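User: Please take a close look at a single part of this structure and explain it in connected steps for a first-year student. Begin with one residue, and then work outward to its surroundings.

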Amino acid sequence: MTIIELFQKLLRFKSLTPHDDGAFDFIEEYLGNTWTCLKVDMEGVKNRFYYKKFNENSQHLCFAGHIDVVPVGEGWPIDPFAAEVIDGVISARGAQDMKSGDAAFLYACKHAKNFNGTLSILMTSDEEGEGTYGTIKMLEHLKEINMIPNYAVVAEPTCEEVFGDAIKVGRRGSINGYLTIQGKQGHAAYPEKGINPVHQIAPIIEKIAGYDLDNGDEYFAPSKLVITDIRAGMQVTNVTPNKLDLMFNVRNSTNTKKEDVELYIQKIFGHLNYALRTTQGSYPFVTNKESKVVKAMENSIQEVLGIITKHSTAGGTSDARYFGAFGIEAIEFGVINDTIHSIGERTTVKEVEGLTKVFEDLIAKF
């Protein structure tokens with residue numbers, strides 16, 4: 001089975017979150033009996049950890065990914081699960097995010113002749129969903145049985161314009177804020193008798209809208225406070241609102257914590273009758289640029305693709321954040337990410353073959 005045949009096989013599984021549609025049974029059979037499979041299934045989510053110990057060296061490199069995909073949506077000109085090759089392009093749901101990466105590391109690992117330590121593959125069926133019972137649960141299990149990897153490569157699509165132009169060496173966290181300004185409802189004709197929270201917030205909104213909570217650093221852009229929703233009133237013109245609800249998000253770097261956000265809101269809104277609730281769905285991490293896995297990936301990309309890659313921490317969250325939380329030196333590398341989650345999601349045969357060669361080179365020289 002060629003790498004493209006493997007890729008097509010994975011794409012044809014209708015693995016909508018949190019289902020794998022039989023993909024994991026196929027993968028276990030594909031890898032063969034020289035690989036051991038651990039299973040952690042919870043609340044309808046399937047997690048798999050395949051590993052092969054080549055020798056007694058303590059070095060442990062893990063490739064990671066998710067088999068699940070987002071819903072197809074409407075407007076595809078072709079069957080989104082047919083995965084046909086047309087002029088060197090494969091259009092299918094999950095082509096970029098992230099069955100291209102899955103196929104590349106599965107092929108590279110299966111065909112690895114030797115490795116100085118342990119090679120492993122961690123996959124989940126719930127990355128595109130809440131992720132509550134996904135990768136993190138397998139990592140918790142691996143910690144319990146003393147099998148946590150030293151290094152991880154998450155094969156999410158990372159490249160921006162040219163295949164090979166970017167690896168992710170970290171990710172920002174995500175802090176959500178829910179702010180309520182309490183006023184006093186009144187008649188629009190007698191504004192002095194009420195307390196209008198819209199009027200209260202108007203002079204100070206510029207102090208939070210797009211505000212940078214830190215200055216960023218060599219790894220991260222500034223942690224920016226982004227307003228995502230404001231609403232108040234009863235959709236009538238003669239009643240002033242009783243309260244105002246505002247929602248915001250901060251994609252935070254390692255320089256800003258949830259407590260810092262709360263302190264800033266207190267500073268700006270402390271003179272008003274307000275309530276704030278914050279949640280944090282993911283935490284920032286960064287892998288040092290001198291890490292072995294960073295250097296090895298840089299070298300393999302240059303060797304195979306002839307490109308000097310850059311380091312990035314841009315974008316949303318991924319399961320790489322869980323590896324970082326367990327002290328694993330983690331990076332991400334995959335195909336160009338320009339059509340992820342979109343109608344007509346696609347990638348090229350050339351990119352998938354190139355990604356496989358990069359992973360093969362990485363394994364051989366790590």
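Analyst:
**A loop, the strands beside it, and a helix**

His341 counts as partly exposed, at 41% relative accessibility; buried means under 20% relative accessible area, exposed means over 50%, and partly exposed lies in between, with a 1.4 Å probe and protein chains only. The model is a predicted one, in which local features need pLDDT of at least 70 and side-chain atom pairs count only at pLDDT 80 or more, while totals for chains, interfaces and linings use all residues. Residues are numbered from 1 along each chain as its sequence is written, and side-chain values use heavy atoms, with hydrogens and water left out.

The phi angle of His341 is near 65 degrees, a positive value in a residue other than glycine. His341 sits in the loop between strand S19 and strand S20 (346-348). Here helices (H or I, at least four residues) and strands (E, at least two) are DSSP runs, numbered from the N terminus.

From this loop we turn to strand S19 (residues 329-332), which pairs with strand S7 in the parallel sense over four bridges. Two strands pair if DSSP finds at least two bridges between them. Within this pairing, Val153 has Ile331 of S19 as its bridge partner. Strand S7 is also joined to strand S3 (residues 60-66) by four bridges, and S3 and S7 run parallel. There, Ala64 has Val154 of S7 as its bridge partner.

How do the residues of S7 point, and are they buried or exposed? Strand S7 covers residues 151-154. Tyr151 and Val153 point one way from the strand, while Ala152 and Val154 point the other way. All of these residues are buried. The bridge partner of Ile331, Val153, is thus among the buried residues of S7.

A loop on the other side of S19 deserves attention as well. Gly327 is found in the loop between helix H8 and S19. Gly327 is exposed, with a relative accessible area of 61%. Although Gly327 and Asn150 are 177 residues apart in sequence, they are 8.2 Å apart in space, C-alpha to C-alpha.

Helix H4 comes next. Which residues of helix H4 (residues 135-144) are buried? They are Thr135, Met138, Leu139 and Leu142. Seen down the axis of H4, these buried residues fall within an arc of 100 degrees, so they line one face of the helix. The arc is that of the directions from the helix axis to the C-beta atoms. As a general point, an α-helix has 3.6 residues a turn, so residues three or four places apart point the same way. On the other side of H4, Lys143 and Glu144 are exposed.

What covers the buried residues of H4? The cover includes strand S1 (36-42), strand S2 (45-53), strand S6 (118-124) and helix H8 (320-325). Helix H8 therefore has a place in both parts of this account: H8 helps to cover the buried residues of H4, and the loop that holds Gly327 lies between H8 and S19. Contact, as used for such covering, means heavy atoms within 4.5 Å. Just after H4, Asn146 takes a positive phi of about 60 degrees.
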